[in-house]
Amino acid sequence: QVQLVESGGGLVQAGGSLRLSCAASGRSFSVYAMGWFRQAPGKEREFVAAINWDGGRTFYTDSVKGRFTISRDNAKNTVYLQMNSLKPEDTAVYYCAADIDSYYKGSYYPYNRYEYDYWGQGTQVTVSS
């Protein structure tokens, strides 16, 4: 069982920045692929960013490229999402997710939410105009 706990959400003005953190339980964090997704009211949960097990590969949805950066610290069992130049359309609940078996399968589909095995409770990000 893997537990994920997000933090760092809040209210920020357009153009501002926030840094989300996701702390994971377990001793195998270094082989988990990690992702961030978000869900706005009345919309489907959508992919935001992902990072593979050693941080060597990162992936972003087009709308956040150049503004958001995903990173991880395997020594701290934590993944981060640095969000800069925030826009009102970034307002959503942000979820951290762990894909625990892509490392062993040798295949990785970071954009597909159904590939992720564990999810956090989410943290609210609100960007005012």
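## Long-range contacts in a predicted strand protein

Residues 24 or more positions apart account for 59% of the contacts in the protein with a separation of 6 or more. Contact means heavy atoms within 4.5 Å. This is a predicted model, in which local features need pLDDT of at least 70, side-chain atom pairs count only at pLDDT 80 or more, and totals for chains, interfaces and linings use all residues. Residues are numbered from 1 along each chain as its sequence is written, and side-chain values use heavy atoms, with hydrogens and water left out.

**Overall build.** The protein has one helix and eleven strands. Both are DSSP runs numbered from the N terminus: helices are H or I with at least four residues, strands are E with at least two. Their order along the sequence is β-β-β-β-β-β-β-β-β-α-β-β. The C-alpha trace spans about 45 × 25 × 25 Å along its principal axes. The radius of gyration is 14 Å, which agrees with the value near 14 Å for a compact globule of 129 residues. That radius is taken over C-alpha atoms, and the globule rule is 2.2 Å times the number of residues to the power 0.38.

Of the 129 residues, 45% are buried. Buried means under 20% relative accessible area, exposed means over 50%, and partly exposed lies in between (1.4 Å probe, protein chains only).

**The disulfide.** The whole structure holds one disulfide, that is, a pair of cysteine sulfur atoms within 2.5 Å. Cys22 and Cys96 form it, with their sulfur atoms 2.0 Å apart. The pair links distant parts of the chain: Cys22 lies in strand S3 (residues 18-24) and Cys96 in strand S9 (residues 92-99), 74 residues apart. The angle about the S-S bond is -75°, and the link is left-handed. Is Cys22 buried or exposed? Cys22 is buried, at a relative accessible area of 0%. Cys96 is also buried, at 0%.

**The S7-S8 hairpin.** Strand S7 (residues 68-73) pairs with strand S8 (residues 78-83) in the antiparallel sense over six bridges. Two strands pair if DSSP finds at least two bridges between them. In a regular strand the side chains alternate between the two faces of the sheet. In S7, Phe68, Ile70 and Arg72 form the covered face, while Thr69, Ser71 and Asp73 form the uncovered one. Ile70 has Leu81 of S8 as its bridge partner. Four residues lie between the strands of this hairpin.

**Two positive phi values.** Most residues other than glycine have a negative phi. The table shows two residues with a positive one.

| Residue | Loop | Phi | Relative accessibility |
|---|---|---|---|
| Asn77 | between S7 and S8 | about 55° | 18%, buried |
| Ser85 | between S8 and S9 | near 50° | 42%, partly exposed |

**The cores.** A nonpolar core is a set of buried Ala, Val, Leu, Ile, Met, Phe, Trp, Tyr and Cys residues joined through side-chain atoms within 4.5 Å. The largest has 30 residues, and Met34, Trp36, Leu81, Met83 and Tyr94 touch the most other members. S3, strand S4 (33-39), strand S5 (46-51), S7, S8, S9 and strand S11 (123-128) each give two or more residues to this core. Leu81 touches residues including Leu18, Trp36, Val48, Phe68, Ile70 and Tyr94, not counting those up to four places away in sequence. A second, separate core has nine residues, among them Ala33, Ala50, Trp53 and Tyr116.
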